[in-house]
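Hi,

Here is the structure I said I would pass on. Have a look at it first, and my notes follow underneath.

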There are 2 protein chains.
Amino acid sequence: MAKMGMAIRLKPEMVQTYKQLHAQPWPEMDAALKAAHIRDYSIFLKEPENILFGVWVYVGDDFEGDMKRLGDLDVTRRWLALTDACQTPFDTAAPGEWWSFLPCVYHLD
Amino acid sequence: MAKMGMAIRLKPEMVQTYKQLHAQPWPEMDAALKAAHIRDYSIFLKEPENILFGVWVYVGDDFEGDMKRLGDLDVTRRWLALTDACQTPFDTAAPGEWWSFLPCVYHLD
């Protein structure tokens, strides 16, 4: 079991759209995340800097495999087509990086 | 039970100090957090922007009271004297605001 975190920016003009999408998440997208062994997944938003912070617990034993299978699903592609349009990587992201994974510097159970 | 998140910036010259402090947290500080009904508390770091994201679950029923009691402890004052020196609020923080509390825009159990 691993607690993981990531961050990305929202385009200022897409903040409301992003909030609305996540206020009514698709049940089939939630089910796909659960099937990919994602649990206790929250996304926080820092305004007005428009930074998203996602944190979840991965309960499987093949994170890369689960993420590949999740990403290949039709529902995921349709969902990300909407949410990717709201986001923009940090200027410091590596080529091809979208969400930036964050190291955990402290944990208390 | 409430999942809560917050963010603040680190001074670039204090990033290493902050990491070192949290790599060897004080057992009495951890115990004080637990006594204040804080659980599953993680702090993530976005470099090189030097933004801290803290996330935890509050399992009590008087958050303000618990935070007041926690803040009044000698161990908390000594710990914050070290960590506050590493941090700087966002330029957009309200007067007197240190960590900025973040709304949760999505949650999956």
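Let me start with the interface: chain B and chain A bury about 3500 Å² between them, and 67% of that is on carbon and sulfur atoms. If you want to know where to look on the chain B side, go to Phe44(B), Val105(B) and Tyr106(B), which supply 22% of the area that chain B buries against chain A, more than any other three residues. Counted by contacts, 36 residues of chain B touch 37 residues of chain A.

Before you zoom in, please keep in mind that this is a predicted model. The scores are ipTM 0.95 and pTM 0.96. For chain A the mean pLDDT is 97, with 100% of its residues at 70 or more.

Back to the interface, this time for the polar side of things. There are 26 residue pairs in polar contact between chain B and chain A, counting pairs where both residues are at pLDDT 80 or more. Which parts of chain B make up the side that touches chain A? The elements that each supply at least two residues are β1 (2-10), α1 (15-23), α2 (27-35), β2 (38-46), β3 (51-58), β5 (100-102) and β6 (104-108) of chain B. Of these, β2(B) gives the most, with nine residues. By residue type, that side of chain B divides into 21 nonpolar, six polar and nine charged.

As for salt bridges, the structure holds 18 over all chains, and two of them are found across the interface of chain B and chain A. One to pull up on screen is the pair Asp40(B) and Lys3(A), whose side chains meet at 3.1 Å, N to O. That pair crosses between the chains, going from strand β2 of chain B, where Asp40(B) sits, to strand β1 of chain A, which holds Lys3(A).

There is also strand pairing from one chain to the other. Strand β2 of chain A (residues 38-46) is joined to β6(B) by four bridges, and the two strands run antiparallel. To find the spot, look for Ser42(A), which stands opposite His107(B) in β6(B).

Now the strands within chain A, where I would begin with β1. Strand β1 (residues 2-10) of chain A runs antiparallel to β3 (residues 51-58) of chain A, and eight bridges join them. Ala2(A), for instance, stands opposite Tyr58(A) in β3(A). β1(A) also pairs in the antiparallel sense with β5 (residues 100-102) of chain A, here over three bridges. In that pairing, Ala7(A) has Ser100(A) in β5(A) as its bridge partner. A further antiparallel partner of β1(A) is β4 (residues 87-88) of chain A, with two bridges between them. There you will see Arg9(A) opposite Thr88(A) in β4(A).

And what does β1 of chain B pair with?

- β1(B) is joined to β3(B) by eight bridges, and these strands run antiparallel; Ile8(B) has Leu52(B) in β3(B) as its bridge partner.
- β1(B) and β5(B) are paired in the antiparallel sense over three bridges, with Gly5(B) standing opposite Leu102(B) in β5(B).
- β1(B) and β4 (residues 87-88) of chain B make an antiparallel pair over two bridges, and Arg9(B) stands opposite Thr88(B) in β4(B).

Last, some backbone details to check in the loops. In chain A, the peptide bond joining Glu47(A) and Pro48(A) is cis, with omega about 0°. Pro48(A) lies in the loop between β2 and β3 of chain A. Asn50(A) is found in that loop between β2 and β3 of chain A as well, and Asn50(A) has a positive phi of about 60° although it is not a glycine. Turning to chain B, the peptide bond from Glu47(B) to Pro48(B) is cis, with omega near 0°. Pro48(B) has its place in the loop between β2 and β3 of chain B.

If you only have a few minutes, I would open the Asp40(B) to Lys3(A) salt bridge and then the pairing of β2 of chain A with β6(B).

Cheers

Definitions and conventions:
Residues numbered from 1 in each chain as written. Chains lettered and ligands numbered in written order. Heavy atoms only, no water. Contact = heavy atoms within 4.5 Å. Buried area = accessible area lost by both parts, 1.4 Å probe. Salt bridge = Lys/Arg side-chain N within 4 Å of Asp/Glu carboxyl O. Polar contact = N/O pair within 3.5 Å; in protein donor to acceptor, adjacent residues only side chain to side chain. Nonpolar A, V, L, I, M, F, W, Y, C, P; charged D, E, K, R; others polar. Pairing = 2+ DSSP bridges. pLDDT = per-residue confidence, 0-100.
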